[in-house]
Amino acid sequence: MGKSIKLTDNVNPHFYKMWRTDKPYIVCNGGRGSFKSSVISLKLLTMMKKHIQNNHQANVICIRENTNNLRDSVYRQIEMAMEWLGCVDEFQFRTSPLQIVHRRTGSTFYFYGANDPYKLKSNTVPNIIGVWFEEAANLKSAEVFDQATPTFLRHKSPFAKQVKVFYSYNPPRNSYHWINEWVEQKRGDSDYFIDTSTYLDDELGFTTEQQLKLINSYKQNDEEYYRWLYLGEVTGLGTNIYSMNNFHAISNINEIDPLRGILFSLDTGYEVSATAYLCLGITSSRQLVLLDTYYYDPTKHGIKKAASDFAVDLRKFEKKQEERYGFTHYRRYADSATADFALDNEYMKDYGLRFKHVAKTNKFAMIGYVQNFLATGKFFYLARPSADIFIEEHKQYQWDEKSIQTDAPRPIKVHDHTVDCLQYAILSERFTLGMK
């Protein structure tokens, strides 16, 4: 039957009010590492177990923005809660469809992606006691709540006083993001309990020394970014996207840890737009260093280069870097644009080689990955003339002022070729670099 939870051993005191509230709608926001998702998963599991002990079936709905993100996040959170309470053996874990089912009563955790709205609006699951919108800020709008929640409330368990609806997320930096505005609207609603937590609320010592060291590195390298990422503050967006203090110049590769490999990242332009190709190195301690840059601006040439010309140039560039640093590259990344596939075809014809075309996410998220990595203080560049265009483009990379006061800020798409190259590389190598 598992073990009963001792609140003082498993839940930080900060969350006691949230745990005990009678309000039906519970909003948990705050910085990374505050354990808000862990507490919600424990709360939902204990709610279910109370019904199970009375031989009642009780079901919980867990939602994220995309079906692809369910298994490694909210599904795993529920599984960890079961491990903490010692009741894993009571449940059956299914992956198609994604469900966790209590063997004796059939009580089930259902996992849905908000990118499949039909499943949310047409839900027929009975005996619902709880709903969890995890990473709620990643949903398209509050309309997802408005359309899905009434359906779940209609299927409330007759043995439950109410369906508890949880919302958890890290606040976006932009105060005009829809969820920041939505929460402000709900502060005066007596049905809503709103909680903000940070890693500093961890009185039980769940945060490891390694995590604290990483957090402090963010604080030292980029305090504003630290305040947003770990304190959950809505710090706002200026027009400059990157803090140039996070780009560290070195004069010699020996100034950082030894290289463990090199890679290349491409953004093509052809007729009117520049083509950029970065050679990047990853060190033994997961530092990233810009080793060299190829850059061709067609506006400065009367006769433009064709894909066949670029194939020759870029292959020479690759060989030069491989000989210089003693590594055969392990990956070459490129955009999924048509121009990049044209060069890809040329590469395959001439050299039997292909590029790895990046599965891009939205631009705001791609920028976020780069900002996240830069704030660790682990990005370096060799201070040589070829790096000048890279630094200049990152200095000039700015938000469109007209878009800042919206929930979808966008960058100005001018002189951003090396910028895109870096985004492709960090997005694709984020796990190698120690990012989530």
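**Exercise 1. Surface and overall build**

Work out how much area the protein exposes and what share of it carbon and sulfur atoms supply.

*Solution.* Start with the surface: the protein exposes about 20,200 Å², and carbon and sulfur atoms supply 46% of that area. Keep in mind that this is a predicted model. Next, take the box along the principal axes: the C-alpha atoms fill roughly 80 × 45 × 40 Å. Then go inside, where buried residues make up 53% of the 436 residues. For the secondary structure, count 15 helices and 15 strands. Now look at contacts with a separation of 6 or more: 72% of them are between residues 24 or more positions apart. Last, the charges: there are 54 positive and 51 negative side chains, and the centres of the two sets lie 6 Å apart.

**Exercise 2. Helix H7 and its neighbours**

Find out which residues of helix H7 are buried, and what they pack against.

*Solution.* Go to residues 178-186, the span of H7. The buried positions there are Trp178, Ile179, Asn180, Trp182 and Val183. Now see what surrounds them: the buried residues of H7 pack against strands E1 (25-30), E7 (164-169) and E8 (192-197), along with helix H6 (143-154).

Zoom in on Asn180, which sits in this helix. The cut-off for buried is under 20% relative accessible area; Asn180 has 8% relative accessibility, so it counts as buried. Leave out residues up to four places away in sequence, and Asn180 touches Tyr169, Pro171, Pro172, Asn174, Ser175 and Val234.

**Exercise 3. The second largest pocket**

Which residues lie nearest the centre of the second largest pocket, and which element gives the largest share of its lining?

*Solution.* First the volume: the second largest pocket holds about 360 Å³ of space. Its lining has 18 residues, and those nearest the centre are Lys43, Met47, Lys161, Gln162 and Lys164. Two or more lining residues each come from helix H2 (16-20) and helix H3 (36-53). H3 gives the largest share, with four residues.

**Exercise 4. Backbone oddities**

Track down the cis peptide bond that leads to Pro97, then look into the positive phi values of Phe35 and Asn127.

*Solution.* Begin with what one would expect: most residues other than glycine have a negative phi, and most peptide bonds are trans.

- The bond from Ser96 to Pro97 is cis, with omega near 0°. Pro97 belongs to the loop between E3 and strand E4 (98-102).
- Phe35 is not a glycine, yet its phi is positive at about 70°. Look for it in the loop between E1 and H3. With 23% relative accessibility, Phe35 counts as partly exposed.
- Asn127 isn't a glycine either, and its phi is positive at about 55°. It sits in the loop between helix H5 (117-121) and strand E6 (128-133). Its relative accessible area is 21%, so Asn127 is partly exposed.

**Exercise 5. Sequence versus space**

How many residues separate Thr95 from Tyr75 in sequence, and how far apart are they in space? Do the job again for Glu323 and Leu427.

*Solution.* Thr95 lies in strand E3 (residues 91-95) and is partly exposed, with a relative accessible area of 45%. From Thr95 to Tyr75 it's 20 residues in sequence and 9.9 Å in space, C-alpha to C-alpha.

Glu323 is in helix H10 (residues 307-325). Since its relative accessibility is 69%, Glu323 counts as exposed. Glu323 and Leu427 are 104 residues apart in sequence, and their C-alpha atoms are 26 Å apart.

Terms used. Residues are numbered from 1 along each chain as its sequence is written. Side-chain values use heavy atoms; hydrogens and water are left out. Buried means under 20% relative accessible area, exposed over 50%, partly exposed in between (1.4 Å probe, protein chains only). Contact means heavy atoms within 4.5 Å. Accessible areas come from the Shrake-Rupley method with a 1.4 Å probe; for residues, only the protein chains shown count as cover. Lys and Arg count as positive and Asp and Glu as negative; His and the chain ends are not counted. The place of a charge is taken as NZ of Lys, CZ of Arg, CG of Asp or CD of Glu. On a 1 Å grid over the protein atoms alone, a cavity is a set of points where a 1.4 Å probe fits but cannot get out, and a pocket is an open set with protein on both sides within 12 Å along at least five of seven lines; lining residues have an atom within 4 Å of a point. Grid points are joined across faces, edges and corners, and a volume is the space filled by probe spheres set on the points.
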